[in-house]
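Welcome, and please have your viewer ready with selection by residue number switched on. We will go from stop to stop, and at each one there is something to pick and something to look at.

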Amino acid sequence: TKPDMRDLGVQEYHQRILELGQKAIAELPTAEREFGGYAFNIRESSLPRAKQLIRDFCTELMREIETAPGEGGETYQLGVQFFGLTQKSKKKEANK
């Protein structure tokens, strides 16, 4: 999808993928999946750069390991979530 696009269909897709991820945690052996999570602080001004780095990583990963149709043995789903955990103060929100 286009970067930063807000669409109900896209939201439903991501919700379904998250459900599949929950199922994979319970049902797939660790040798067949990779899950990780990191919480860290960033400056608000770094958000666009962080998002671009994530997009670049996904593009590069696919460029390096994706096979042509019919050549790969398995189809894998890569899901990346990056969102703020802290609540912005009401004063800050009022100024926007």
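A salt bridge here is a side-chain nitrogen of Lys or Arg within 4 Å of a carboxyl oxygen of Asp or Glu. Keep that cut-off in mind for the opening stop, and remember throughout that you are looking at a predicted model.

**Stop one: glutamate 60 and arginine 63**

Select glutamate 60 and arginine 63 and show their side chains: they meet in a salt bridge, at 2.9 Å from N to O. That distance counts because the cut-off is 4 Å. Both residues belong to helix α2, where they sit three residues apart, separated by about one helical turn. Is each partner buried or exposed? Glutamate 60 is partly exposed at 33% relative accessibility, while arginine 63 is exposed, with a relative accessible area of 58%.

**Stop two: glutamate 19 and arginine 16**

How many salt bridges does the rule give? The count is two, and for the other pair you can select glutamate 19 and arginine 16, whose side chains meet at 3.4 Å, N to O. Helix α1 (residues 8-27) holds both glutamate 19 and arginine 16, and they are three residues apart, about one turn of the helix. Glutamate 19 is partly exposed, with a relative accessible area of 43%, and arginine 16 is also partly exposed, at 45% relative accessibility.

**Stop three: the whole chain**

Now zoom out and switch to a cartoon view. The protein has three helices and zero strands, and along the sequence the pattern reads α-α-α. Next, try colouring by pLDDT. The mean for the protein is 88, and 86% of its residues reach 70 or more. Which helix has the highest mean pLDDT, and which the lowest? Helix α2 (residues 47-65) has the highest mean at 97, and helix α3 (residues 90-94) the lowest at 60. Where pLDDT is low, the predicted coordinates should not be read in detail.

Turn on the surface while you are here. The protein exposes about 9400 Å², and carbon and sulfur atoms supply 53% of that area. Of its 96 residues, 5% count as buried.

**Stop four: a nonpolar patch**

With the surface still on, select Tyr38, Phe40, Ile42, Leu47 and Phe82. Together these residues make a nonpolar surface patch of about 550 Å². Two of its members are worth a separate click. Tyrosine 38 is found in the loop between α1 and α2 and is exposed, at 72% relative accessibility. Phenylalanine 40 lies in the loop between α1 and α2 and is exposed too, with a relative accessible area of 54%.

**Stop five: the aromatic pair**

Hide the surface and keep phenylalanine 40 and phenylalanine 82 as sticks. The structure holds one aromatic pair. The ring centres of phenylalanine 40 and phenylalanine 82 are 6.1 Å apart and their planes lie at 35°, so the pair is tilted. Why does this pair link separate stretches of the chain? Phenylalanine 40 is in the loop between α1 and α2 and phenylalanine 82 is in the loop between α2 and α3, so the pair ties together parts that are 42 residues apart in sequence. Phenylalanine 82 is partly exposed, at 32% relative accessibility.

**Stop six: two distances to phenylalanine 82**

Stay with phenylalanine 82 and bring up the distance tool, working from C-alpha to C-alpha. Pick tyrosine 38 as the partner: it is 44 residues from phenylalanine 82 along the chain, and the C-alpha atoms are separated by 9.5 Å. Then pick glycine 37, which is 45 residues from phenylalanine 82 in sequence and 9.9 Å away in space, C-alpha to C-alpha. Glycine 37 is found in the loop between α1 and α2, and at 65% relative accessibility it is exposed.

Terms used
Residues numbered from 1 in each chain as written. Predicted model: local features only at pLDDT ≥ 70, side-chain atom pairs only at ≥ 80, totals over all residues. Heavy atoms only, no water. pLDDT = per-residue confidence, 0-100. Helix = DSSP H or I, 4+ residues; strand = E, 2+ residues; numbered from the N terminus. Buried < 20%, exposed > 50% of the residue type's maximum accessible area, 1.4 Å probe, protein only. Areas by Shrake-Rupley, 256 points an atom, 1.4 Å probe, with all protein chains shown as cover. Patch = residues over 30% accessible without salt bridge, like charges linked within 9 Å, V, L, I, M, F, W, Y side chains within 5 Å. Phe/Tyr/Trp six-rings, centres within 6.5 Å; stacked < 30°, edge-to-face > 60°.
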